[in-house]
Amino acid sequence: MPDTAPVADLTQTKPIAMVDLAAQRARIGRQVELAISRVLAHGAFINGPEVTELERRLATACGVDHVIACASGTDALMMGLMALGVGPGDAVIVPSFTFTATAEAVVLVGATPVFVDVDRATFNMTATALAAGLKAARAAGLRPRAAIPVDLFGQPADYDSLADVGRHEGVVLFADAAQSCGASYKGRKVGALAPLTATSFYPSKPLGCYGDGGALFTPDAELATRLRQIRSHGQGKHRDDIVRVGLTARLDTIQAAVLLEKLAIFDDECRARQTIADRYANLLGGSVDIPRLAAGATSVWAQYTVLSPHRDRIAVELKANGISSSLFYPVPVHAHGPYRHCPRADGGLAVTMQLANEAISLPMHPYLTPDDQARVAAAVRRAIA
Ligand SMILES: Cc1ncc(COP(=O)(O)O)c(C=O)c1O
């Protein structure tokens with residue numbers, strides 16, 4: 001039977017979750033338990049050997065010289081901005097159609113986020129949007145220092161064209177790859193696409209741990225040293241050598257041990273995610289606007305997000321059939337109270353506002369079955385019939 005055929009028993013009501021971590025545990029649960037036991041036995045809960053090993057393996061997998069594991073994606077963003085020396089009076093260009101943390105990190109270092117629109121096809125910041133944001137920053141009397149493109153829903157932004165604008169305007173590209181670790185762009189892996197990249201290992205991310213976690217990637221040895229110092233209270237050569245203001249932002253050794261086991265099956269899981277995305281495209285095409293990949297990009301499909309003017313009806317029908325869905329992001333960041341005063345690019349954020357009203361994310365994880373996908377698609381089609 002071809003993948004596209006709706007073979008499911010559509011009368012089933014077994015819940016379908018957005019992410020099924022239990023299915024992954026059934027595959028590697030024993031290895032994870034052994035890995036955690038090893039940490040309990042050696043007792044190096046902070047900066048243990050698993051942290052160093054994880055950094056080494058991620059660096060190899062992503063083709064980048066330096067990986068600095070840390071306590072969360074938000075810490076990674078904040079540490080990166082601190083290491084770049086971004087602060088009061090500086091502007092950082094960010095998309096508004098993202099998770100709050102992208103802009104939050106900017107405010108936490110005392111700088112100002114300047115919000116820009118995104119592309120409807122890829123959900124990502126474009127070079128044109130970046131240029132508009134730089135203009136708005138200068139008009140507001142701010143010094144543009146950096147831009148944080150977000151690889152939304154797992155697909156990398158168009159880094160070549162963003163880098164052209166960034167170079168010309170003297171701003172650093174700092175990739176928010178919280179959702180895209182494992183994806184690639186023009187044959188290069190996420191982590192090696194910008195001078196600095198942040199990711200998240202939040203449990204529901206494509207590569208997630210069993211708590212909070214994150215990492216930074218950079219080809220720059222000097223920047224990597226600053227990041228390692230910031231990660232641990234600004235300590236230089238030893239504990240009592242404080243060379244800068246830092247944080248407590250280390251990745252727990254137990255989380256690194258979990259991630260090492262998950263990394264062993266990650267490529268396989270990414271392939272499964274692509275198969276599932278292809279199957280959704282076949283099942284849903286023509287009924288809703290399905291997500292598209294830009295030329296040269298792969299995605300890890302952190303979310304499978306479709307667009308429809310009837311998305312509220314779709315959400316109701318899915319729920320009635322025991323199927324989870326999520327709205328990412330019904331309120332764009334610039335519209336939230338703490339960010340309303342921040343500058344926005346001229347021309348407004350029209351695509352962002354459309355996406356906020358039309359986007360709905362469907363269940364997506366490597367263990368989603370063809371039957372479950374057929375049930376999701378049937379419910380989507382019923383909702384808009
Ligand atoms: C785009 C984006 N940036 C940053 C973050 C923050 O990551 P964390 O939750 O690990 O702090 C997330 C997490 O959801 C995210 O999706």
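## An aromatic cluster

Ring pairs join Phe97, Phe123, Phe153, Phe328 and Tyr329 into a cluster, a grouping that is described here from a predicted model. A search of the whole structure finds 10 aromatic pairs. One of them is formed by Phe328 and Tyr329, whose rings are 5.5 Å apart from centre to centre, with 55° between the planes, and this pair is classed as tilted. In general, a pair of aromatic rings is described by the distance of the centres and the angle of the planes.

How do the members of this pair stand with respect to accessibility, and where do they lie? Phe328 has a relative accessible area of 23% and is partly exposed, whereas Tyr329 has a relative accessible area of 10% and is buried. Because buried means under 20% relative accessible area, Tyr329 at 10% falls into that class, while Phe328 at 23% is counted as partly exposed. Tyr329 belongs to the loop between H10 and H11, and the peptide bond that leads from Phe328 to Tyr329 is cis, with omega near 5°.

## Two residues with positive phi

Phe153, which is also part of the aromatic cluster, has a positive phi of about 60° although it is not a glycine. The residue is located in the loop between strand S4 (143-147) and helix H6 (159-169), and Phe153 is buried there, with a relative accessible area of 3%.

Lys186 likewise is not a glycine and has a positive phi, in this case of about 50°. The loop that holds Lys186 runs between strand S6 (184-185) and strand S7 (188-189), and at 46% relative accessibility Lys186 counts as partly exposed.

## The ligand and its surroundings

The space that the ligand takes up is the largest pocket. Two elements give two or more residues to the shell around the ligand, namely helix H3 (73-83) and helix H4 (101-108), and the largest share of that shell, 3 residues, comes from H3. There are 15 residues around the ligand, and of these Gly73, Thr74, Asp176, Ser200 and Lys205 come nearest.

Which atoms of the ligand lie at short distances from polar side-chain atoms of Thr74, Asp176 and Gln179? In the side chain of Thr74, an N or O atom is 2.5 Å from an oxygen atom of the ligand. For Asp176, an N or O atom of the side chain is 2.8 Å from a nitrogen atom of the ligand. Gln179 has a polar side-chain atom that lies 2.9 Å from an oxygen atom of the ligand. On its own the ligand has 390 Å² of accessible area, and the protein covers 91% of this.

## A buried cysteine

Cys342 is found in the loop between helix H10 (311-320) and helix H11 (350-358), and the loop between H10 and H11 also contains Tyr329. At 4% relative accessibility, Cys342 counts as buried. Cys342 and Asp267 are 75 residues apart in sequence, and their C-alpha atoms are 40 Å apart in space.

Methods. Residues are numbered from 1 along each chain as its sequence is written. This is a predicted model: local features need pLDDT of at least 70, side-chain atom pairs count only at pLDDT 80 or more; totals for chains, interfaces and linings use all residues. Side-chain values use heavy atoms; hydrogens and water are left out. Rings of Phe, Tyr and Trp (its six-membered ring) pair if their centres lie within 6.5 Å; planes under 30 degrees apart count as stacked, over 60 as edge-to-face and the rest as tilted. Buried means under 20% relative accessible area, exposed over 50%, partly exposed in between (1.4 Å probe, protein chains only). A residue is near a molecule or strand if one of its heavy atoms lies within 4 Å of it. A polar contact is a pair of N or O atoms within 3.5 Å; within protein, one must be able to donate a hydrogen and the other to accept it, and residues adjacent in sequence count only if both atoms are side-chain atoms. Accessible areas come from the Shrake-Rupley method with a 1.4 Å probe; for residues, only the protein chains shown count as cover. On a 1 Å grid over the protein atoms alone, a cavity is a set of points where a 1.4 Å probe fits but cannot get out, and a pocket is an open set with protein on both sides within 12 Å along at least five of seven lines; lining residues have an atom within 4 Å of a point. A molecule sits in a cavity or pocket if more than half of its atoms lie within 2 Å of its grid points. Helices (H or I, at least four residues) and strands (E, at least two) are DSSP runs, numbered from the N terminus.
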